[in-house]
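Thank you all for coming. I would like to walk you through one structure this morning, beginning with a small detail and then moving outward to how the chains meet.

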4 protein chains.
Amino acid sequence: MVVVMKPGTQQRDIEALVAKFKEMDLDVGVTNGVGCTILGLVGDTTAVDMDKISINPHVERVMRVQEPYKKANRKFHPEDTVVAVGKAKIGGGSFSVVAGPCSVESQAQIIAVAEDVKRSGAALLRGGAFKPRTSPYSFQGMGLEGLELLLEAKAATGLPIVTEIMSPRYVEVFEEKVDLVQIGARNMQNFDLLKEVGKMSKPVLLKRGLSSSYEEWIMSAEYIMAGGNENVILCERGIRTFETYTRNTLDVSAIPAIKKMSHLPVIVDPSHSAGMYWMVEPLAMAAIAAGADGLIIEVHNDPPHAKCDGQQSLTPENFGRLMGKVGAMVDLMGKTLVK
Amino acid sequence: MVVVMKPGTQQRDIEALVAKFKEMDLDVGVTNGVGCTILGLVGDTTAVDMDKISINPHVERVMRVQEPYKKANRKFHPEDTVVAVGKAKIGGGSFSVVAGPCSVESQAQIIAVAEDVKRSGAALLRGGAFKPRTSPYSFQGMGLEGLELLLEAKAATGLPIVTEIMSPRYVEVFEEKVDLVQIGARNMQNFDLLKEVGKMSKPVLLKRGLSSSYEEWIMSAEYIMAGGNENVILCERGIRTFETYTRNTLDVSAIPAIKKMSHLPVIVDPSHSAGMYWMVEPLAMAAIAAGADGLIIEVHNDPPHAKCDGQQSLTPENFGRLMGKVGAMVDLMGKTLVK
Amino acid sequence: MVVVMKPGTQQRDIEALVAKFKEMDLDVGVTNGVGCTILGLVGDTTAVDMDKISINPHVERVMRVQEPYKKANRKFHPEDTVVAVGKAKIGGGSFSVVAGPCSVESQAQIIAVAEDVKRSGAALLRGGAFKPRTSPYSFQGMGLEGLELLLEAKAATGLPIVTEIMSPRYVEVFEEKVDLVQIGARNMQNFDLLKEVGKMSKPVLLKRGLSSSYEEWIMSAEYIMAGGNENVILCERGIRTFETYTRNTLDVSAIPAIKKMSHLPVIVDPSHSAGMYWMVEPLAMAAIAAGADGLIIEVHNDPPHAKCDGQQSLTPENFGRLMGKVGAMVDLMGKTLVK
Amino acid sequence: MVVVMKPGTQQRDIEALVAKFKEMDLDVGVTNGVGCTILGLVGDTTAVDMDKISINPHVERVMRVQEPYKKANRKFHPEDTVVAVGKAKIGGGSFSVVAGPCSVESQAQIIAVAEDVKRSGAALLRGGAFKPRTSPYSFQGMGLEGLELLLEAKAATGLPIVTEIMSPRYVEVFEEKVDLVQIGARNMQNFDLLKEVGKMSKPVLLKRGLSSSYEEWIMSAEYIMAGGNENVILCERGIRTFETYTRNTLDVSAIPAIKKMSHLPVIVDPSHSAGMYWMVEPLAMAAIAAGADGLIIEVHNDPPHAKCDGQQSLTPENFGRLMGKVGAMVDLMGKTLVK
């Protein structure tokens, strides 16, 4: 941590602050110059609250040097984390695809889609039972009934299931029934939910918030990991920018950045990024080329009649075609497509 | 709602779509031109799902004409909503100020600050008991104990209390003890929480999400109102932009915009917008001048030792000075400062 | 400047870097810690290129402590700069209003508007002769002919004129004829134009770029000042964010921020911020309340037939009403409205 | 174009507006509903100014249906445009790489880099002679002398040269000496410069502005094309968002979006997007996978001593390694790498 003193600060005020840091078991180096003094702090600064220092009337600025996350930090855990869910494997050279409809709508629908995506090479089945919708008047998902239908589709195909948890009250039922627990973008900083999910034994898929920085996103993973659950997969799904042509702006740089900052695997959701089915393929290809460990893709057997997100869903046929290209791209990147 | 057909669409495909809309009890006007057909839909289009129409292979674009919100819509409720909490009144020409520390830290602290802010003219006391913190290693608030201390401060001063609810599990205790229930920016689209709060009888202070549009923000209010709780106060607290000098960018235009779109009152949080105590005054003045119905301001008796947000908290002395200017500005705007 | 070394850097590599800094006449303080060394550099670091240091393979991060601007820096010039144009005065407690149409359209139009805005208290006349338009097919302004019409309006009313320069080739004619030379938002980093304008003797109105940080904006003023022209007025006109309801998002915090960073005066353009005439008043009030030194407002005698920006232009009647409120607000802020 | 009337508009006011549109040779369809009338306009609406209509007191909203660009529009020019520069070919299945240093620094440097990048497979040489720098105190480029050195490097290697034009005054010398004329991101809406470049016979590389929408970017290309110069290559180089880890956020979705909207080729600059040399490779791979027609990459023989952008420049060795991967990725995408 670096503390820059205001020009003209008296020597005794500097010394008082230095003494305070030494009490916190930090080493302090002082650089004195004309009209500017810089303090360099080394030691374990994780517990030091930058805000509290910056309120000191003699302090001009405080700058953090070390990252505020530990368990998710690649520095302390150099090898890639690999998350296994059923036969699927995500991370460390293994690549798996999650596919399925935006929301579970009926037994026939979810089983048909599950069979289709399995045939094309998906390793996990997604499907929303509880749906976060902007409008209270939109379809809110089938709830627990939807969860049961997902289990039927799992029974029929063997695919592990991925679905979103929106409230701490469902932690028990998700712990029992769901294979990969999704935290949606709008709940990325629902800290109460993160803490509850941190106590679960099931792996977690943590979507990036619409306007969350890489550091905030990793800090949300840190919440889950601090609770004891270290099987976290990060999912880039596009951020909110000034550009309105796409639903969100896929931040493909997040993939190499997160891989440098953290050992956790990163997958990409091209469907929500684009918001338009015809753009899913180029974004999926770009994600793999940038180093992603997996994809999550919306597939619906009848997009025009989908209860949500039809405009960004692929038909099973288009998904099949896409998976051919995914395979070739995963190969080129020297990874293994795990089905 | 307006539907633009793709160039070259066959007459029979247009007719099929028109028939479908008529089944939904909508009137449809068709404008035919060279290479372009436009359908105008009138009637109650709230139930029409734009996404479902846009997936039709002959449709180029769908544009909404009516707002997707009803209960919060000024068109159907032209008079200003006034929310009364204790003696405080917010909206419709009445202006009240909420003040207090970022978090409740001790009995002595909260009572001292409560007395100070009351003396200077605040009408409500704020104080965090449950704190949403980016890091799992930061102080998370005193929890239920903090709530009890707020009640002691209320007993000592008569000020109604405002504090943030972070989980549905606390709805009962908040219903019993809290006067104005705050939904924080990070939970603005925690729809499960919104639904629960919609069943409460206590008024709600709904902060704008970091990157939420005006419409999304009003839709979150609509969630609460659809549940039966129509006493919602909207709070602008700065949005996330590319500018990093300030903690957030105060969107002062939100005040006149929301007042045109909705009848709900709007207050402003200059402390979180600026993130720096010396900027609170100019932003507070700007908010009132733009038409705000109230302010929420962080005040701490000892900012350098505050457990959070010290750098943006005013001392009681500075808050007192600010309130003098607030009074003059509220006067100039023709409103009444209600203490 | 602060340089953080990578963990594990050898002592001799640190010494080599320190020696290099000392050759640059900088004092260097070294803080050694377990796995982390911090160098604090003091002296004149303006000439030090951060990018060059950061490319050193042993360097983890470089952080600037001093601002990269000098002439515009309040630290070296504590008193407010006041820019006088004719009778108008902007800065240091004096407040003036610029008003007029988006573009000059005819002799009758510009003279009528000039007389109207003068009567209501404007101190300067604006009017576009050269117009930056997104589309090559839109009206591009009357050019030099428009400039002559502005001079006629000046002759008729005595109001000094403000108009935008879009190309270095017009520097001579602007030097001769224009009283306050405007650099538009889209040209804020047209460095070639900034250098040319820096050689002029006429004061400059520098609009903030759509996505420019405060520092970049001040650096553009520094370009002009480095050329010898120190009469620069900064103009906040809204930034580009995710919110699309308004044309731009007025960043009212820019006013106190710039006043802390620089001694240059700041005015606000509520017309381009809002993009809607009915929002001009609340934004103008907010700007004054936040400490602005002036306003620039679009006024047209016949908005529905304006050749551009009609939807955000006030009628002379509405401008007159606004000026009454502006006067009261300027008074409350303890400033003097100079006409 | 669609015009939505305000609720309660009188029939005669609607008729007056309809008559006005018919005078403009437009067909108008009227949809009447309870409290809402929608007008659909068809015909050539390019000349209709949306702003002028929206100022009509009875109009609630105006929505454009057709794109405002013609020459760049894929609808009127379905085949891909291919831009050839020397042996290089960009677009329509041909892929070429531009490489070279941020700025020309000396004869030895530019010739050495040119030979290196040619050997690795670059088809064009980049190098800044005139540099747009945020600070007036930073190195501003070698100017015309730099241009001569680029020509020497071209003579030595045969590589056509790409360099940025910053002012209309250099149009003649660029017309004579430069093979591909670059417009930088900060000048994307320097309309005066666009018009001048539109009269040149040399192809143009138009970088996207930091916060320009796809439509604005294409409109800037339209400026150049409207002047007669139809050889425009668009270059995505990252946009400004809230994320500060990367220098800019590479908007990889721009590639498929622009290809749908326009027939012009699109290349990507991963160096400026990332701002860090180690991130160039994954972003370059992602760009090709998303459908880009080329890359522009910063290469320097001695990055730690580069006069600018050293931290994002590749060494010739790293560039050589990258080109091996580029070749494989271009192959996989079914395109031809043209050297």
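Which residue just after H10(C) takes a positive phi? That residue is Gly291(C), whose phi is about 110°. Helices here are DSSP runs of H or I of at least four residues, and strands are runs of E of at least two, both numbered from the N terminus.

Before going further, please keep in mind that this is a predicted model, in which local features need pLDDT of at least 70 and side-chain atom pairs count only at pLDDT 80 or more, while totals for chains, interfaces and linings use all residues. Residues are numbered from 1 along each chain as its sequence is written, chains are lettered from A and ligands numbered from 1 in the order in which they are written, and side-chain values use heavy atoms, with hydrogens and water left out.

Let me begin with a single chain. Chain A has eleven helices and 15 strands, and its C-alpha atoms fill a box of roughly 75 × 45 × 35 Å along the principal axes. Of its 339 residues, 65% count as buried, where buried means under 20% relative accessible area, exposed over 50%, and partly exposed in between, with a 1.4 Å probe and protein chains only. If we take the contacts in chain A with a separation of 6 or more, a contact being heavy atoms within 4.5 Å, residues 24 or more positions apart account for 68% of them.

Now to the meeting of chain C and chain B. Chain C superposes on chain B by a rotation of 180° with 0.0 Å of shift along the axis, at an RMSD of 0.1 Å, the fit being by least squares on the C-alpha atoms of residues with pLDDT of at least 70 in both copies. The residue of chain C that comes closest to this rotation axis is Ala286(C), with its C-alpha at 2.0 Å. Because 100% of the interface residues of chain C are also interface residues in chain B, the copies meet through the same surface.

Each chain brings 34 residues to this contact, and together chains C and B bury about 2600 Å², with 77% of that on carbon and sulfur atoms; buried area is the accessible area, with a 1.4 Å probe, that two parts lose on being put together, summed over both. Phe242(C), Glu243(C) and Tyr245(C) supply 19% of the area that chain C buries against chain B, more than any other three residues.

The rule finds two salt bridges across this interface, a salt bridge being a side-chain nitrogen of Lys or Arg within 4 Å of a carboxyl oxygen of Asp or Glu. In one salt bridge, Glu243(B) meets Arg208(C), at 3.1 Å from N to O. Helices H8 (254-261), H10 (280-289) and H11 (316-332) of chain C each supply at least two residues of the side that touches chain B, and H10(C) gives the most, with five.

How many of the ten residues of H10(C) are buried? Nine of them are, so H10(C) is largely enclosed by the rest of the structure. Among these buried residues are Val280(C), Pro282(C), Met285(C) and Ile288(C).

Let us turn to the other side, where chain C meets chain D. Chain C can be laid on chain D by a turn of 180° and a shift of 0.0 Å along the axis, with an RMSD of 0.1 Å. The two copies are thus related as by a two-fold rotation axis, and the C-alpha of chain C nearest to that axis belongs to Ser211(C), at 3.1 Å.

Here 45 residues of chain C are in contact with 44 residues of chain D, and the two chains bury about 3900 Å² between them, 51% of it on carbon and sulfur atoms. The rule finds six salt bridges across this interface, including the one between Arg169(C) and Glu196(D), whose closest N and O atoms are 3.1 Å apart. Helices H2 (50-54), H6 (191-198) and H7 (214-226) of chain C each supply at least two residues of the side that touches chain D, and H7(C) gives the most, with five.
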